[in-house]
Amino acid sequence: QVQLVESGGGLVQAGGSLRLSCAASGSILSINVMGWYRQAPGKQRELVADISSGGSTNYADSVKGRFTISRDNAKNTVYLEMNSLKPEDTAVYYCKVDLRRIYPPLPYTYWGQGTQVTVSS
């Protein structure tokens, strides 16, 4: 089996910073794309940022220049550094990992349990 453990959410004032982490563990053969999504109340889940195994990144326009995604392949961990936070960034943040398990070596997608980020004005 595979487990994703997220950490780092919380309450912060507008203009502040937070760093999210998501660690994958278990029967993992390889990891492809790792990403962060968010879902605000009454809204659909949306992509925030993702990063390929080679380090190529992709960001939502709303977070470009403020958020930075990175990964540590040795630790199977993805990070999201969030700066200049705005009230509209308030949401539950989920990590998503596309990987291959050791057996069977098929592609799977796993989601983290979600971590709340609240930005006060």
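Reader: Which pattern does the protein follow when read along the sequence?

Author: Good place to start! This is a predicted model, and its secondary structure comes to 0 helices and 11 strands. With strands and no helices to list, the pattern read along the sequence is β-β-β-β-β-β-β-β-β-β-β.

Reader: What is the radius of gyration of the protein, and how does that fit a globular protein of its length?

Author: The globule rule gives 14 Å for 121 residues, and the protein comes close to that value, so it is as compact as a globular protein of that length. Along its principal axes, the C-alpha trace spans about 50 × 25 × 25 Å. The radius of gyration asked for is 14 Å.

Reader: What share of the contacts with a separation of 6 or more comes from residues 24 or more positions apart?

Author: Before the answer, a word on burial: buried residues make up 42% of the 121 residues. For the contacts, take those with a separation of 6 or more and pick out the ones between residues 24 or more positions apart. Their share is 56%.

Reader: In which order do the 4 strands of the open sheet lie?

Author: The pairing in this open sheet is antiparallel. Its edge strands are β1 (2–7) and β7, each of which pairs on one side only, and the twist averages 15 degrees from one strand to the next. Put together, the order is β1-β3-β8-β7.

Reader: Which residue is the bridge partner of arginine 71 in β8?

Author: Look at where β7 and β8 run side by side: they pair in the antiparallel sense over 6 bridges. Find arginine 71 and then cross to β8. The partner there is valine 78.

Reader: Which cysteine does the disulfide join to cysteine 22?

Author: The count comes to 1 disulfide, with an S to S distance of 2.0 Å, and that lies within the 2.5 Å cut-off. The pair links distant parts of the chain, from strand β3 (residues 18–26) to strand β9, 73 residues apart. Both cysteines are buried, and the partner of cysteine 22 is cysteine 95.

Reader: Is the link of cysteine 22 and cysteine 95 right-handed or left-handed?

Author: For this one, follow the turn about the S-S bond. The angle there is 40 degrees. With that value, the link of cysteine 22 and cysteine 95 is right-handed.

Reader: How many salt bridges are there in the protein?

Author: One of them is formed by lysine 96 with aspartate 98, whose closest N and O atoms are 3.4 Å apart. That distance is within the 4 Å cut-off, so the pair qualifies. Lysine 96 and aspartate 98 are both buried. The full count comes to 6 salt bridges.

Reader: Where in the chain is arginine 38, which meets aspartate 89 in a salt bridge?

Author: The side chains of aspartate 89 and arginine 38 meet with 3.0 Å from N to O. The pair links distant parts of the chain, 51 residues apart, with aspartate 89 in the loop between β8 (77–82) and β9 (91–101). Arginine 38 itself is in strand β4 (residues 28–39).

Reader: Why does aspartate 89 count as buried?

Author: A residue is buried when its relative accessible area is under 20%. Arginine 38, at 6%, falls below that cut-off and is therefore buried. Aspartate 89 is buried too, because its relative accessible area is 1%.

Reader: Which residues are linked in a network of salt bridges?

Author: Besides meeting arginine 38, aspartate 89 forms a salt bridge with arginine 66, with the closest N and O atoms 2.7 Å apart. Arginine 66 is in the loop between β6 (57–59) and β7 (67–72), 23 residues from aspartate 89, and counts as buried at 10% relative accessibility. The network also takes in Glu46. Its members are Arg38, Glu46, Arg66 and Asp89.

Reader: Is serine 121 buried or exposed?

Author: Serine 121 has its place in the segment after β11 (115–120). The cut-off for exposed is over 50% relative accessible area, and serine 121 has 88% relative accessibility, so the residue counts as exposed.

Reader: Which residues is serine 121 in contact with, leaving aside its neighbours within four places in sequence?

Author: Serine 121 and proline 87 are 34 residues apart in sequence. In space, their C-alpha atoms are 6.0 Å apart. Proline 87 is one of the contacts, and the pair asked for is Ala14 and Pro87.

How values were computed:
Residues are numbered from 1 along each chain as its sequence is written. This is a predicted model: local features need pLDDT of at least 70, side-chain atom pairs count only at pLDDT 80 or more; totals for chains, interfaces and linings use all residues. Side-chain values use heavy atoms; hydrogens and water are left out. Helices (H or I, at least four residues) and strands (E, at least two) are DSSP runs, numbered from the N terminus. Buried means under 20% relative accessible area, exposed over 50%, partly exposed in between (1.4 Å probe, protein chains only). Contact means heavy atoms within 4.5 Å. Two strands pair if DSSP finds at least two bridges between them. Axes are lines fitted to C-alpha atoms, for helices over the stretch in contact, and angles run from 0 to 180 degrees between N-to-C directions. The radius of gyration is taken over C-alpha atoms; the globule rule is 2.2 Å times the number of residues to the power 0.38.
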